[in-house]
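Grab your viewer and work through these exercises with the model loaded. Try each task before you read its solution.

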Amino acid sequence: MSHPYILHLSKDTAFQKVLVNAEHRELKTNTNLAQFLYTSIINQQLSAKVGDVFLKRFLDIYNGLEPNSSQILETPDETLQAIGLSKPKVSYIKNVAQFDADFGLEYNKFIEMTDQEIIDLVTSIKGIGKWSAQNLLMFALGREDVFSADDLIIRNKMAILFNLDKTDKKKFNEDIIRLSKPWSPYRTFACLHLWRWKEF
């Protein structure tokens, strides 16, 4: 039986082509929100393959286990830089660890918060932007109605799907937000399919 999101997204005739021969997608959760953000920082501007290498090096510092915030704060910056992390990335990781130590990045607390409350909270951490916050919502908290409007791949796929002109950035931003609204309450699934859609 098809997931309700398939039936809902299929109502958009333009989006139907994205769903042709597409596999049903599932959302998973990750209760270790701090580690999710560490991984997000490590993976910034890296391919998935290279990101995996750096993540393994990071975890190897802690005997292959996911570290808690205290362990990270006690780790010298030089140790983290020695595995190839840039100074800004080390700083951002330490910022997340400090935030976790001070306020708590607790899964049970976050599931009671709205999407916007979570975005506002985590983007107050230097080094965590809206894109990372939305990824947290989708891939750690399993929120079904998040549209990643700042994601480059999503933006390019939207331009192709709806034949949009990207010259006027403000208008383009307004267009993709408007066009994604009918996909609610399943915009996360729409993003998952757009990321995998081979348009040619």
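## Salt bridges and a helix pair

There are 7 salt bridges in this structure, each being a side-chain nitrogen of Lys or Arg within 4 Å of a carboxyl oxygen of Asp or Glu. The model is predicted, so local features need pLDDT of at least 70 and side-chain atom pairs count only at pLDDT 80 or more, while totals for chains, interfaces and linings use all residues. Residues are numbered from 1 along each chain as its sequence is written, and side-chain values use heavy atoms, with hydrogens and water left out.

**Exercise 1.** Find the salt-bridge partner of Arg143 and work out which parts the pair ties together.

*Solution.*
- Start with the partner: Arg143 pairs with Asp115, and their closest N and O atoms are 2.5 Å apart.
- Next, place both residues. Arg143 sits in the loop between helix H10 (130-139) and H11, and Asp115 in helix H9 (residues 115-122), so the bridge ties together parts 28 residues apart in sequence. Helices here are DSSP runs (H or I, at least four residues), numbered from the N terminus.
- Finally, check accessibility. Buried means under 20% relative accessible area, exposed over 50%, and partly exposed in between (1.4 Å probe, protein chains only). Arg143 is buried at 15%, whereas Asp115 is partly exposed at 24%.

**Exercise 2.** Track down salt bridges inside helix H12, beginning with Glu174 and Asp175.

*Solution.*
- Glu174 bridges to Lys170, with the closest N and O atoms 2.8 Å apart. They're 4 residues apart in H12, so about one helical turn separates them.
- Asp175 meets Arg178 at 3.2 Å, N to O. This pair is 3 residues apart in H12, again about one helical turn.
- Why do such spacings suit a pair? An α-helix has 3.6 residues a turn, so residues three or four places apart point the same way.
- Now widen the view: Lys171, Asp175 and Arg178 are linked in a network of salt bridges. Asp175 is buried at 10%, while Arg178 is partly exposed at 48%.

**Exercise 3.** Describe how H11 and H12 are arranged, and list the residues that meet.

*Solution.*
- Take the axes (lines fitted to C-alpha atoms over the stretch in contact, with angles from 0 to 180 degrees between N-to-C directions). Those of H11 (residues 152-162) and H12 (residues 169-180) come within 11 Å and cross at roughly 80 degrees.
- The two helices are therefore roughly perpendicular, a label for angles of 65 to 115 degrees.
- For contacts (heavy atoms within 4.5 Å), Arg155, Met158, Ala159 and Phe162 in H11 meet Lys169, Phe172, Asn173, Ile176 and Leu179 in H12.

Note on methods:
Parallel < 35°, antiparallel > 145°, perpendicular 65-115°, else oblique.
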